[in-house]
Amino acid sequence: MTDRDRAPESVDLSTPNAARMYDFFLGGKDNLAPDRAAAEMVLQIAPQIRIAAQQNRAFLGRAVRYLAEAGIRQFLDVGTGLPTQNNVHQVAHAVVPDAPVVYVDNDPVVLAHGRAILAGSKNVHIVQADLRRPEEILENPEVRERIDFDRPFAILLVAIVHFLQDADDPEKIVARFRDALPPGGHLVLSHVCGDALPEAVAPVTEIYRRSSTPIITRSTERIRGFFGDLELVEPGLANVSAWRPDTVEAKRVNERYPQGYFLAGVARKP
Ligand SMILES: C[S@@+](CC[C@H](N)C(=O)[O-])C[C@H]1O[C@@H](n2cnc3c(N)ncnc32)[C@H](O)[C@@H]1O
């Protein structure tokens, strides 16, 4: 089945889109010619972005496994992306087979792929909603039915907050999600950082500006601020590949690319 078959008629598949560009960086097949062309332009400016995207994905897997092993039993993943390997529910269920996982995304193509792949999966659900309207997610009956907000759960905002424009007031939006966590709940967040590659910020931002999903890089300090007064677990805010690297490969990548193109952290509500 093609993306045209899967996507609602209203979706413009001729405009590059971040979810599909990210899929291309990860080596996936769910991307189209305009996505590949835009992604190739990004790689010409900043070839490191491909490996940074792969490391971001690996961080997501390590963070979910860490949380499941630490006793977290429910996961709300906002900004799911196209299904790939080591999706959140697969990593979580390898540790806790019946942990409820709710995916949220606003991209109809992601929703269509997600629904096709998740059909029949137990304890996994996908909801269409927009991060810019937190109540749409936090008060969503389908979310509330599956995630018990009175018991510790994890909110994952991985490689999504950089799609919020400053006019959207990302600090306020992320604070709304932090406030929704009960004690013992966790926030997992990663974000593209402009500090490591200042000369690439303007040209890369310009490529994404012409996509359906403009991107904003932010400074280390602003990214740290998204965690508010939650307690960052070791090693704190770090380059994605430096967050608890568990393989020789992750350690090697971290040595080779010590700067953080994607910064990430996992923080606990006291
Ligand atoms: C780069 S992908 C990240 C996927 C996954 N979290 C990861 O890190 O591997 C970003 C996802 O966020 C979604 N997204 C972007 N802006 C959004 C918004 N305002 N509301 C909901 N989803 C959004 C995109 O559709 C895309 O699927």
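Select His89 to begin: with a relative accessibility of 10%, His89 counts as buried, because buried means under 20% relative accessible area. Keep in mind as you go that this is a predicted model.

**Stop 1: around His89**

Show the helices and look for α5, which covers residues 88-95; His89 sits in this helix. Now add Val101 to your selection. His89 and Val101 are twelve residues apart in sequence, and their C-alpha atoms are 5.9 Å apart in space. Which residues does His89 contact once its neighbours within four places in sequence are left aside? Select Val101, Tyr103, Leu118 and Val124, and you have them on screen.

**Stop 2: the ligand**

Next, click on the ligand and display the residues around it. There are 20 of them, and the ones that come nearest are Tyr22, Arg57, Gly79, Asp105 and Val158. If you colour the shell by class, you should find ten nonpolar, five polar and five charged residues.

Which helix supplies the largest share of this shell? Select α4: it brings three residues, the largest share. You can show α2 (18-25) beside α4 (48-69), since each of these two helices supplies at least two residues of the shell.

Now zoom in on some polar atoms. Start with Tyr22, where a polar side-chain atom lies 2.6 Å from an oxygen atom of the ligand. Move on to Asp105, which also has a polar side-chain atom 2.6 Å from a ligand oxygen. Then pick Asn56: an N or O atom in its side chain is 3.0 Å from an oxygen atom of the ligand. Before leaving, switch on the surface. On its own, the ligand has 600 Å² of accessible area, and the protein covers 97% of that.

**Stop 3: the nonpolar cores**

Hide the ligand and select Phe25 and Phe75. These two touch the most other members of the largest nonpolar core, which holds 52 residues. Helix α4 gives the most to this core, with nine residues.

Stay with Phe25 for a moment. Leaving aside neighbours within four places in sequence, Phe25 is in contact with Ala39, Val42, Leu43, Ile49, Arg50, Ala53, Gln54 and Tyr208. Try showing them as sticks.

There is also a second, separate core, made of 33 residues. To find it, select Val102, Val104, Val161 and Leu187, which are among its members.

**Stop 4: details of the backbone**

Go to Asn86, in the loop between β1 (75-78) and α5. What is notable about phi here? It is near 50°, a positive value in a residue other than glycine. Is Asn86 buried or exposed? With a relative accessible area of 53%, Asn86 is exposed, because the cut-off for exposed is over 50%.

Jump ahead to Asn123, in the loop between α6 (108-118) and β3 (124-128). The phi angle of Asn123 is positive too, near 65°, in a residue other than glycine. Asn123 has a relative accessible area of 33%, so it counts as partly exposed.

For the last stop, select Glu234 and Pro235. A cis peptide bond joins Glu234 and Pro235, with omega about 5°. To see where you are, show the strands: Pro235 lies in the loop between β6 (231-232) and β7 (238-239).

Methods:
Residues numbered from 1 in each chain as written. Predicted model: local features only at pLDDT ≥ 70, side-chain atom pairs only at ≥ 80, totals over all residues. Heavy atoms only, no water. Near = heavy atom within 4 Å. Polar contact = N/O pair within 3.5 Å; in protein donor to acceptor, adjacent residues only side chain to side chain. Areas by Shrake-Rupley, 256 points an atom, 1.4 Å probe, with all protein chains shown as cover. Helix = DSSP H or I, 4+ residues; strand = E, 2+ residues; numbered from the N terminus. Nonpolar A, V, L, I, M, F, W, Y, C, P; charged D, E, K, R; others polar. Buried < 20%, exposed > 50% of the residue type's maximum accessible area, 1.4 Å probe, protein only. Contact = heavy atoms within 4.5 Å. Core = buried A, V, L, I, M, F, W, Y, C linked by side-chain atoms within 4.5 Å.
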